[in-house]
Structures are given as structure tokens and as C-alpha cells.
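Work through the exercises below with the structure open. Each task is followed by a solution in steps.

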Amino acid sequence: MNFAAITPERLPDLLRAMPKTELHMHIEGSLEPELIFALAQRNKVRLRYQSVEELRAAYAFTNLQSFLDIYYAGASVLQQPQDFYDMAWAYFLRAKADNVVHAEIFFDPQTHTARKVSMRTVITGLHRACVDAQSQLGISSSLILCFLRHLSEDEAFDTFEKAFPFRDKFIGVGLDSSERGHPPEKFERVFKRAAQFGFKLVAHAGEEGPPAYIWSALDVLHAQRIDHGVQAIHDTALMARLAKERIPLTVCPLSNQKLCVFPDLSYHNVGQMLDQGLSVMLNSDDPAYFGGYLNDNYLQTFAALNLNAQHAYQLASNSFEASFVSSEQKAVWREQLDACFAKFGA
Ligand code: ADE
Ligand code: ZN
């Protein structure tokens with residue numbers, strides 16, 4: 001592949017056009033303020049904010065917790081299966097516009113079951129949108145159930161049990177919410193149980209928390225992917241292991257910027273990680289809150305870090321490699337990626 005043939009001016013169009021997967025996106029984090037207000041009206045929920053503008057103005061975060069407080073409040077408007085469907089469908093339309101060919105989507109059932117919204121309501125609404133995304137948009141997808149780590153492991157077990165009757169509608173379990181003070185070890189037994197039933201395992205680690213949390217996500221939870229993982233940069237032995245074992249890190253640059261993990265995108269370490277051979281790719285995390293969907297992450301990160309066409313190819317290729325699909329499907333996407341690069345002159 002002749003990457004040098006792609007000039008910097010053509011790079012933004014290439015980034016938009018190239019096929020890619022999205023592996024780290026919380027569906028509740030795709031809830032745009034306009035939809036929050038529409039659903040609040042539909043379900044007669046009172047909001048603390050008077051207008052879309054006032055709500056959007058509150059999206060000035062200083063760390064992960066300051067975001068989570070407002071994110072859980074926003075999710076309170078979701079009550080009926082159709083609400084979950086509408087939220088997911090809106091995401092799929094944005095994903096289609098960004099040439100996302102496949103999405104592995106997180107959902108936080110405890111945020112909803114705590115409000116007496118049933119597991120059936122949550123999963124059936126989301127799953128129906130996934131089915132329609134395949135048939136109407138040609139986007140494949142799967143759901144990953146996340147346990148909230150600020151709650152207890154007993155509550156995670158209870159959640160897993162409630163979701164079990166719907167086990168054909170999600171492929172894996174993850175771990176999210178407030179990281180510091182809630183190490184992966186807290187969830188060792190529930191991850192072991194999920195693994196026994198063949199679920200895929202992922203975990204947020206090293207977003208704000210220390211490299212030790214990445215080690216234990218790998219060695220105690222047996223996570224197959226690390227969500228975020230950007231703090232690995234402070235641990236040479238960990239970086240070497242991540243590179244050698246090609247353990248994917250689902251990196252989210254605009255999220256890291258908005259939650260002050262880095263002062264701004266020009267300080268982000270995803271370029272260094274790529275250059276050190278780690279399996280990283282870009283993701284939007286909570287696009288409605290962090291100022292952009294997947295292509296915004298690609299475009300802004302490339303501009304801030306001066307990345308090139310070879311980096312773009314590697315990121316898209318990693319996004320296929322790290323997904324939970326068959327090797328045959330990955331080969332199909334790689335051919336599409338090569339064709340896209342060839343069209344741009346590589
Ligand atoms: N839930 C939604 N977004 C999250 C993030 N970036 N980190 C942890 N939990 C989350
Ligand atoms: Zn996340």
C-alpha cells in the first residue's frame with residue numbers, strides 16, 4: 001500500500017469514507033438533549049433543566065464523576081421499549097453517516113432497573129433497533145451488558161440473573177462507571193460466572209485509574225479488551241505486554257479531552273500507542289455528551305496529532321481485528337478497507 005500517495009488534504013475525506021467498527025459506545029451516552037426533552041414530554045418526566053440549551057450548557061465536565069452524575073440523570077427519561085429503540089436508532093443513523101460497518105454497544109441496565117424499568121423493556125427495545133440496523137442500514141451490531149462498578153458485586157450478580165433469560169440478545173459483559181476506588185477485583189466472581197456461559201469479557205480500566213487496574217482487568221477478570229487503557233503509558237512492562245499480546249484498547253479521544261484526562265487532544269497518547277504496536281482504535285464513548293460521533297473523533301485526533309494515512313489504515317484495521325466477529329467477516333472488511341484506500345490513490 002502506497003500511503004505516501006495520499007496527500008494531507010485528502011486525509012479528512014479518507015477518514016470519513018473508510019469502513020470502521022465502533023467498539024466503545026454507551027448507548028445511553030448517545031442520548032442527545034433534543035431526544036431527552038422529547039422523551040421527557042412523552043413520559044411526563046420532570047427535568048431539572050428548562051431547555052435544550054440550558055442542558056447542553058451543563059456539559060462542562062471536570063472529571064469522570066462530574067459527567068456520570070448528569071449522564072445518569074439524562075437516562076431517567078427512558079421508560080418504554082420504544083424509548084430505547086428510538087435512542088439506538090438515532091445512534092445507528094449517525095453511525096451510518098460515519099461509515100461504521102459494525103458496532104458493539106454498551107448498555108447500563110442497572111441505571112434503568114433501579115427506576116423499576118424492567119430488563120425486558122431495556123433489552124427488547126435495544127435489540128429491535130439492532131435488528132433493524134442490519135436490515136435497513138446494513139450495519140451489524142451486538143450488545144454488551146455493563147455492570148456499574150460503584151455498586152456491589154451482589155447487585156451485578158442480580159443484574160446478570162435478570163438478563164439471563166435474554167442471553168441470546170447480548171454477547172458479553174463489561175464494567176463501567178466510577179473507576180477510582182472500584183478495582184476490577186471487586187467483580188472477579190461475576191465475570192467468572194459470565195465466562196462460564198461463554199460471554200465475551202471487556203472492562204473499563206486505566207481511564208482515570210492506575211495501570212494496576214489494567215493488570216487486574218486482564219489477570220483477574222480475564223478481559224479480552226480494555227476500554228480506554230490510556231494510563232498504560234505509565235507502565236513500561238504493561239505496554240510491552242499489550243503490544244506483544246495484541247490486547248485491544250478501545251481509545252476515546254474526545255471523551256478523554258472532555259473529562260480532562262488530557263489537557264487537550266494535542267496531549268493524547270494514541271499516536272504513541274499506535275507507533276509502539278498496540279492494538280488501538282478510536283471510539284466515541286458518549287457522543288452526545290463529548291462533542292462528537294466517531295468521525296469527529298477521527299478528524300479531530302488526526303488534526304491535533306498530525307497523524308497520517310498509514311495511521312488511519314492501522315486504526316481501521318485494528319477496529320476490525322478487535323471486534324467479536326468471525327475471521328471471515330474481518331477479511332471482508334479488510335478488503336473493503338483496501339478498496340477504499342486504493343480509491344484514494346494508495
Ligand atoms: N459510562 C459511560 N461512559 C463512561 C466512561 N467514559 N467511563 C466510565 N463509565 C462510563
Ligand atoms: Zn466508556
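**Exercise 1.** List the residues that surround ligand 1 in this predicted model.

Solution. Select every residue with a heavy atom within 4 Å of the ligand. For ligand 1 this gives H26, L64, F67, L68, Y71, D176, S177, H204, E207, H228, D285 and D286.

**Exercise 2.** Find polar partners for nitrogen atoms of ligand 1, using N or O pairs within 3.5 Å.

Solution. Start with D285, which places a polar side-chain atom 2.7 Å from a ligand nitrogen. Next take S177: here a polar backbone atom is 2.8 Å from a nitrogen of ligand 1. Then check H228, where an N or O atom of the side chain is 3.4 Å from a ligand nitrogen.

**Exercise 3.** Which residues have the most contacts inside the largest nonpolar core?

Solution. The largest core holds 118 residues, and F92, Y289 and F341 have the most contacts within it. A second, separate core has five residues, including F106, I144, C146 and F324. Now follow Y289: leaving out residues up to four places away in sequence, Y289 touches E28, G29, L31, I36, Y59, F61, F67, I70, Y71, G74 and K258.

How values were computed
Residues numbered from 1 in each chain as written. Chains lettered and ligands numbered in written order. Predicted model: local features only at pLDDT ≥ 70, side-chain atom pairs only at ≥ 80, totals over all residues. Heavy atoms only, no water. Core = buried A, V, L, I, M, F, W, Y, C linked by side-chain atoms within 4.5 Å. Buried < 20%, exposed > 50% of the residue type's maximum accessible area, 1.4 Å probe, protein only. Contact = heavy atoms within 4.5 Å. Polar contact = N/O pair within 3.5 Å; in protein donor to acceptor, adjacent residues only side chain to side chain.
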